[in-house]
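Subject: Structure handover

Hello,

Please find the structure below, with my notes after it. They go through the findings one topic at a time.

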Amino acid sequence: MRLQDVQPQPGSKKRRRRLGRGIAAGQGASCGKGMRGQKSRSGGGTRPGFEGGQMPLYRRVPKLKHFTVINPKQYTIVNVGQLASFAANSEVTLASVLDANIVNSQQGPLKILGDGELTVALTVTAAAFTRSARQKIEAAGGRCELSTGNTSDNGTQADNAE
């Protein structure tokens, strides 16, 4: 076999349609493109993404790295270092944190972050813990318990994976 002998398989090549060459040719007059309009003219149609003059989607979406979350989960945030004021072996919940004036208002379920040091053993009940907060509480001899009360959908699992 030589390069000059290479040819396509029989029947794989069809001759192109000759448009606008009379009724007998099968595609005369409007050439199968309907009556009038932009798509029936020569030169094709519009560019990809054109929406007829309406502001196209690629110009409507914000040009940021990510979209903002529409309904973000709100948590009442407390750092581990702020829990050091509690007595040893005491129960720490959202109500006890509010009573101790560590936080002023409740923005949602309690979430414990890992900033600061903890030396007393506490039983902390919260909706979510960061990994470092969980390690510091357990290193001090305490326990971390997930509350099931006022958490929204599956926020506890996602936030515990930090």
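The side chains of R60 and E51 meet in a salt bridge, with 3.1 Å between N and O. This is a predicted model, and every distance here is computed from it. R60 is partly exposed, at 46% relative accessible area, and E51 is also partly exposed, at 30%. As background, side chains of opposite charge can pair when their charged atoms come close.

A search of the whole structure finds three salt bridges. Another of them joins R2 to D5, where the closest N and O atoms are 3.8 Å apart. R2 counts as exposed because its relative accessibility is 54%, and the cut-off for exposed is over 50%. D5 has a relative accessible area of 41%, so it is partly exposed.

E145 and R143 also form a salt bridge, and their closest N and O atoms are 2.4 Å apart. E145 is partly exposed at 27% relative accessibility, and R143 is partly exposed at 47%.

Both E145 and R143 are touched by V124. Setting aside residues up to four places away in sequence, V124 also touches L83, V92, I112, F129, I137 and C144. V124 belongs to the largest nonpolar core, which has 21 residues. V124 is among the residues with the most contacts inside that core, together with V78, L83, V97, I112, L118 and L122. Four elements give two or more residues to the core: helices α2 (94-99) and α3 (131-139), and strands β3 (110-113) and β4 (123-126). In soluble globular proteins, nonpolar side chains tend to be buried together.

Two serines come next. Where does S90 lie? S90 is in the loop between β1 (76-79) and β2 (91-92). Is S90 buried or exposed? S90 has a relative accessible area of 19%, so it is buried; the cut-off for buried is under 20%. A polar atom of the S90 side chain lies 2.7 Å from the backbone oxygen of A87. Apart from neighbours within four places in sequence, S90 is in contact with A121, L122 and T123. One of these, L122, is also among the core residues with the most contacts.

S96 sits in helix α2. S96 counts as buried because its relative accessibility is 17%. The side chain of S96 has a polar atom 2.7 Å from the backbone nitrogen of T93. Leaving aside neighbours within four places in sequence, S96 is in contact with F86 and E91.

On the surface, M1, L3 and V6 make a nonpolar patch of about 450 Å². M1 is found in the segment before α1 (57-60). With a relative accessible area of 93%, M1 is exposed.

The last item is T119, in the loop between β3 and β4. T119 counts as exposed, at 73% relative accessibility. How far apart are T119 and R16 in space? From C-alpha to C-alpha, T119 and R16 are 83 Å apart, and in sequence they are 103 residues apart.

When you open the model, you could begin with V124, which touches both R143 and E145, the two residues of one salt bridge. From V124 you can go on to L83 and I112, which V124 also touches and which are likewise among the core residues with the most contacts.

Regards

Technical notes:
Residues are numbered from 1 along each chain as its sequence is written. This is a predicted model: local features need pLDDT of at least 70, side-chain atom pairs count only at pLDDT 80 or more; totals for chains, interfaces and linings use all residues. Side-chain values use heavy atoms; hydrogens and water are left out. A nonpolar core is a set of buried Ala, Val, Leu, Ile, Met, Phe, Trp, Tyr and Cys residues joined through side-chain atoms within 4.5 Å. Buried means under 20% relative accessible area, exposed over 50%, partly exposed in between (1.4 Å probe, protein chains only). Contact means heavy atoms within 4.5 Å. A polar contact is a pair of N or O atoms within 3.5 Å; within protein, one must be able to donate a hydrogen and the other to accept it, and residues adjacent in sequence count only if both atoms are side-chain atoms. Patches are made of residues with over 30% relative accessible area and no salt bridge: like charges are joined within 9 Å, nonpolar side chains (Val, Leu, Ile, Met, Phe, Trp, Tyr) within 5 Å. Accessible areas come from the Shrake-Rupley method with a 1.4 Å probe; for residues, only the protein chains shown count as cover. A salt bridge is a side-chain nitrogen of Lys or Arg within 4 Å of a carboxyl oxygen of Asp or Glu.
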